Amino acid sequence: MAVVAASASASTPQGVAERRGIPAATFVEDVEAYLRQAGLDVNSALAFLQERLQQYKIVEMKLLAQQRDLQAKLPDIEKCLDIVAALQAKKALGEVL
């Protein structure tokens, strides 16, 4: 049986480290061996994985909100860049600002 699970440690056995404080997920090929190695029973492992899933969902929501905010600022930034380009063109021509 195969299942995707999050690592309890800071990095996975494959050497993939945390990114932005988000623990990397590991692929578990043998669930029984994973439970023995972690010293967990099925219910506690499931609770741990559900908690980790909620953490991933929170991070996803924060990143989507940040993306939305940045995209909302994009028209203002483009407008400012156009103004700066126009001012630089006037300066190059020697016009009074």
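Confidence varies along this predicted model: among the elements of the protein chain, helix α2 (residues 42–93) comes out with the highest mean pLDDT, 94, while strand β1 (residues 3–6) gets the lowest, 43. Over residues 1–16 the pLDDT stays below 50, although this stretch still has 43 contacts in the model beyond near neighbours in sequence. Where pLDDT is low, the predicted coordinates should not be read in detail. For the protein chain as a whole, the mean pLDDT is 81, with 82% of residues at 70 or more.

**Overall layout**

- The protein chain contains two strands and two helices, and starting from the N terminus the order is β-β-α-α.
- Of the 97 residues in the protein chain, 12% are buried.
- The accessible surface of the protein chain adds up to about 8,000 Å², and carbon and sulfur atoms account for 60% of that.
- Take the contacts in the protein chain between residues at least 6 apart in sequence: 47% of them link residues at least 24 apart.

**Helix α1 and what comes right after**

- Helix α1 covers residues 31–38, and at its start a side-chain oxygen of Asp30 comes to within 3.3 Å of the backbone nitrogen of Glu32.
- Val31 sits in helix α1.
- Val31 has a relative accessibility of 21%, so it counts as partly exposed; the cut-off for buried is under 20%.
- Val31 and Val42 are eleven residues apart along the chain, and their C-alpha atoms lie 9.4 Å from each other.
- Just after α1 comes Gly39, with a positive phi near 70 degrees.

**Helix α2, from end to end**

- How far apart are the end C-alpha atoms of α2? They are 74 Å apart, which agrees with the 76 Å that its 52 residues should span at 1.5 Å a residue.
- There is a bend along the way: α2 turns by about 35 degrees at Leu74, and a proline, Pro75, follows within four residues.
- Here's a handy rule for looking at helices: an α-helix has 3.6 residues a turn, so residues three or four places apart point the same way.
- Once α2 is done, the next residue is Gly94, whose phi is positive, near 85 degrees.

**Where to look, and where to go easy**

- For a look at the model's details, α2 is a good place to begin, as the element with the highest mean pLDDT.
- Go easy on residues 1–16, where the pLDDT is below 50.

Conventions. Residues numbered from 1 in each chain as written. Predicted model: local features only at pLDDT ≥ 70, side-chain atom pairs only at ≥ 80, totals over all residues. Heavy atoms only, no water. pLDDT = per-residue confidence, 0-100. Contact = heavy atoms within 4.5 Å. Expected span 1.5 Å × (residues − 1). Bend = angle between axes of the 7 residues up to and from the residue. Buried < 20%, exposed > 50% of the residue type's maximum accessible area, 1.4 Å probe, protein only. Areas by Shrake-Rupley, 256 points an atom, 1.4 Å probe, with all protein chains shown as cover. Polar contact = N/O pair within 3.5 Å; in protein donor to acceptor, adjacent residues only side chain to side chain.
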